[in-house]
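Here is a colleague's note to read alongside the sequence and the 3D view. Please keep both open, and look up each residue as it is named.

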Amino acid sequence: MSELFDRLTRIFAESRDVGFAGLRDDSDVTSGKLRPAAVLIAVTDRPDPGILLTQRPETMLKHPGQVAFPGGKLEAGEDAVAAALREAAEELAIAPDAVRVIGQTQSFVTGSGFELTPVLGLVPHDLPIRPDPREVAGWFEVPLRYALDQRNHVSKSGLFRGIQRDYTEILWQDYRIWGITAGILANLSHRLAWEDLLD
């Protein structure tokens with residue numbers, strides 16, 4: 001058994017009743033029926049664990065070039081876990097049975113009309129990654145301790161559909177993590193203290 005899996009599972013369960021203070025999403029600028037979607041927060045099982053992220057191709061119609069978690073819309077008959085595992089398999093060739101699911105985190109309503117459920121899971125550190133070039137231009141691993149450290153979360157503001165919106169930005173090496181992806185990481189940082197995970 002993995003010590004990190006046991007520790008993540010324990011802290012995740014103990015923090016189930018963490019309040020919503022400081023959490024955010026885009027529900028105040030979203031109208032109409034929300035479409036369900038899911039992403040996988042894949043944590044690598046190593047002494048200094050990381051989180052797997054992708055970079056979308058510049059040719060994509062939606063969110064070109066942005067950093068994202070593997071994920072997408074739920075298909076008929078799927079729940080969030082099944083969708084997150086399927087999308088990770090399609091985008092990065094991560095076999096569903098290689099993911100040890102810990103649980104679902106706080107959902108995130110996006111300005112584009114999705115109710116996005118992040119699924120937290122642990123994957124082997126030496127997992128072979130084969131990105132699908134139609135959906136993934138590249139992938140990288142950001143250290144968990146860096147991604148969850150709120151000192152690295154920079155508050156920004158910009159126009160979205162003519163409305164001034166606040167958002168979070170995380171800079172890691174040459175990557176700019178922002179928008180929904182950074183918002184999910186910021187929300188997760190309220191629930192998981194990386195110091196407790198890595199002490």
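The numbered points below go from the whole chain to its helices, its cores and a few single residues.

1. Please keep in mind throughout that this is a predicted model. The secondary structure of the protein chain comes to five helices and 11 strands, and buried residues make up 50% of its 199 residues. Among the contacts in the chain with a separation of 6 or more, 68% are accounted for by residues 24 or more positions apart.

2. A good place to begin is helix α1, which has 12 residues and reaches 17 Å from its first C-alpha to its last, close to the 16 Å expected at 1.5 Å a residue. The buried residues of α1 are Leu-4, Phe-5, Arg-7, Leu-8, Ile-11 and Phe-12. Seen down the axis of α1, these buried residues fall within an arc of 165°, so they line one face of the helix. A general point helps here: an α-helix has 3.6 residues a turn, so residues three or four places apart point the same way. On the other side of α1, Glu-3 and Glu-14 are exposed.

3. Helix α2 can be read in the same manner. Its 13 residues should span 18 Å at 1.5 Å a residue, and its end C-alpha atoms are 18 Å apart, which agrees. Because 10 of the 13 residues of α2 are buried, this helix is largely enclosed by the rest of the structure. The buried residues of α2 include several alanines, namely Ala-80, Ala-83, Ala-84 and Ala-88, but also Arg-86, Glu-87 and Glu-91. What covers the buried residues of α2 includes the strands β1, β2, β4, β5, β7 and β8.

4. Where does the backbone take a positive phi in a residue other than glycine? One such place is Ala-93, whose phi is near 60°, and which comes just after α2, in the loop between α2 and β5. Ala-93 counts as partly exposed, at 24% relative accessibility. Gln-173, a residue other than glycine, also has a positive phi, near 55°, and is found in the loop between β10 and β11. At 62% relative accessibility, Gln-173 counts as exposed.

5. Turning to the interior, the largest nonpolar core has 32 residues, and those with the most contacts inside it are Leu-8, Val-43, Ile-51, Phe-69, Leu-120, Ile-177 and Leu-192. Helices α1, α3 and α4 and strands β1, β2, β7, β8 and β10 are the elements that give two or more residues to this core. The largest share, five residues, comes from α1. Apart from this core lies another one, of 19 residues, among them Val-81, Ala-84, Leu-85 and Ile-94.

6. Phe-69 deserves a closer look in the 3D view. Leaving aside its neighbours within four places in sequence, Phe-69 is in contact with residues that include Val-39, Leu-40 and Ile-41, then Ile-51, Leu-52, Leu-53 and Thr-54, and, further along the chain, Glu-91, Thr-181, Ile-184 and Leu-185.

7. Which aromatic pair links distant parts of the chain? Of the three aromatic pairs counted, one is formed by Tyr-146 and Trp-172, and this pair is tilted, with 5.0 Å centre to centre and 55° between the planes. Tyr-146 is in helix α3 and Trp-172 in strand β10, 26 residues apart. Tyr-146 is partly exposed, with a relative accessible area of 24%, whereas Trp-172, at 17% relative accessibility, counts as buried, because the cut-off for buried is under 20%.

8. Two arginines are also placed over aromatic rings. Arg-35 lies over the face of Phe-114, at 4.1 Å from the ring centre, and Arg-191 lies over the face of Phe-12, at 3.7 Å from the ring centre. Phe-12 has already appeared above, as one of the buried residues of α1.

9. The last residue to examine is Asp-45, which lies in strand β1 and is partly exposed, with a relative accessible area of 25%. Asp-45 and His-125 are 80 residues apart in sequence, yet 5.1 Å apart in space, C-alpha to C-alpha. Not counting residues up to four places away in sequence, Asp-45 touches Ser-2, Leu-4, Leu-122, Val-123, Pro-124 and His-125. Leu-4 in this list is one of the buried residues of α1.

Definitions and conventions: Residues are numbered from 1 along each chain as its sequence is written. This is a predicted model: local features need pLDDT of at least 70, side-chain atom pairs count only at pLDDT 80 or more; totals for chains, interfaces and linings use all residues. Side-chain values use heavy atoms; hydrogens and water are left out. Rings of Phe, Tyr and Trp (its six-membered ring) pair if their centres lie within 6.5 Å; planes under 30 degrees apart count as stacked, over 60 as edge-to-face and the rest as tilted. Helices (H or I, at least four residues) and strands (E, at least two) are DSSP runs, numbered from the N terminus. Buried means under 20% relative accessible area, exposed over 50%, partly exposed in between (1.4 Å probe, protein chains only). A charge sits over a ring if NZ of Lys or CZ of Arg is within 6 Å of the ring centre and within 35 degrees of the ring normal. A nonpolar core is a set of buried Ala, Val, Leu, Ile, Met, Phe, Trp, Tyr and Cys residues joined through side-chain atoms within 4.5 Å. Contact means heavy atoms within 4.5 Å. The expected span of a helix is 1.5 Å times one less than its number of residues. The arc is that of the directions from the helix axis to the C-beta atoms.
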